[in-house]
Amino acid sequence: MKQDIEFAVPLFKAGAEWRINSVWHSITVIPDCHRFAIFIPKKVGMTKRFPVMGMLEENKVFVSSRPGCILYRFYEMESWAYLDDLLP
């Protein structure tokens, strides 16, 4: 029985990591407009990359859901995932 657990835990972790990574897309894949997504901005200089939630508009401007509606250009992003795909 202990031997089964020895193999099960690493396999479970690998499956969970695969599932999480499978929903992230590069910016070569354009998300649907007006659908909530999480975007990871490109790292510029020494600033930290914090995920940003919001929607992409038709003109490829990303409008964040943060107060003040921060705007980003789609090309300033590194990767993205639909919010629905990240929720259980």
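**Entry 1. The sheet**

I began with the strand order in this predicted model. Six strands make up an open sheet, and I read the order as S1-S6-S2-S3-S4-S5 with antiparallel pairing. Strand S1 (25-26) and strand S5 (71-73) are at the edges; each has a single partner strand, so one side of each is left without a neighbour in the sheet.

I then placed the sheet within the chain. The chain contains two helices and six strands, and from the N terminus the elements follow the order α-β-β-β-β-β-β-α.

**Entry 2. Bridges, strand by strand**

I went through the pairings along the sheet. S1 and S6 run antiparallel and are joined by two bridges; His25 has Trp80 of S6 as its bridge partner. S2 and S6, also antiparallel, are joined by five bridges. Here I noted Phe39, which stands opposite Trp80 in S6. Trp80 thus appears in both pairings, with His25 and with Phe39.

Next I looked up strand S2 (residues 37-41) and strand S3 (residues 52-56), which run antiparallel with three bridges between them. Ile38 has Met53 of S3 as its bridge partner. S3 in turn pairs with strand S4 (residues 61-64) in the antiparallel sense, over three bridges. For Met55, I found the bridge partner Val63 in S4.

I also checked the turn between S3 and S4. This hairpin has four residues between the strands, and Lys60 there adopts a positive phi near 60 degrees.

**Entry 3. Strand S6 and Ser79**

How many of the six residues of S6 are buried? I counted five, so S6 is largely enclosed by the rest of the structure.

I took Ser79 as an example from strand S6. Its relative accessibility is 15%, and Ser79 therefore counts as buried, the limit being under 20%. Setting aside neighbours within four places in sequence, I listed its contacts as Trp24, His25, Ser26, Ile27, Ile38, Phe39 and Ile40. Of these, His25 and Ser26 are the residues of strand S1 (25-26), while Ile38, Phe39 and Ile40 fall within strand S2 (residues 37-41).

**Entry 4. The nonpolar core**

I next looked up the largest nonpolar core. It has 10 residues: Ala37, Phe39, Val52, Leu56, Phe62, Tyr72, Phe74, Met77, Trp80 and Tyr82. The elements contributing two or more residues to this core are S2, S3 and strand S6 (77-82). S6 gives the largest share, three residues. As background, I noted that nonpolar side chains in soluble globular proteins tend to be buried together.

**Entry 5. Trp80, Tyr82 and Arg35**

Two members of this core, Trp80 and Tyr82, called for a separate entry. The structure holds one aromatic pair. The rings of Trp80 and Tyr82 have centres 4.8 Å apart and planes at 75 degrees, so I recorded the pair as edge-to-face. Both Trp80 and Tyr82 are buried.

What sits over the ring of Tyr82? I found the charged end of Arg35, 3.6 Å from the ring centre. Arg35 also appears among the contacts of Tyr82; not counting residues up to four places away in sequence, Tyr82 touches Pro31, Asp32, Arg35, Phe36 and Ala37.

**Entry 6. Ser65**

I then turned to Ser65, in the loop between S4 and S5. With 40% relative accessibility, Ser65 counts as partly exposed. Residues up to four places away in sequence left aside, Ser65 touches Phe36, Met53 and Gly54. For Gly54 I also noted the spacing: Ser65 and Gly54 lie 11 residues apart in sequence, yet their C-alpha atoms are 4.7 Å apart in space. Phe36 is a contact of Ser65 and also of Tyr82.

**Entry 7. The chain as a whole**

I closed with totals for the chain. Of its 88 residues, 24% count as buried. The chain exposes about 6,600 Å², and 63% of this area comes from carbon and sulfur atoms. Among contacts with a separation of 6 or more, 50% are made by residues 24 or more positions apart.

Note on methods
Residues numbered from 1 in each chain as written. Predicted model: local features only at pLDDT ≥ 70, side-chain atom pairs only at ≥ 80, totals over all residues. Heavy atoms only, no water. Pairing = 2+ DSSP bridges. Buried < 20%, exposed > 50% of the residue type's maximum accessible area, 1.4 Å probe, protein only. Contact = heavy atoms within 4.5 Å. Areas by Shrake-Rupley, 256 points an atom, 1.4 Å probe, with all protein chains shown as cover. Phe/Tyr/Trp six-rings, centres within 6.5 Å; stacked < 30°, edge-to-face > 60°. Lys NZ or Arg CZ within 6 Å of the ring centre and 35° of its normal. Core = buried A, V, L, I, M, F, W, Y, C linked by side-chain atoms within 4.5 Å.
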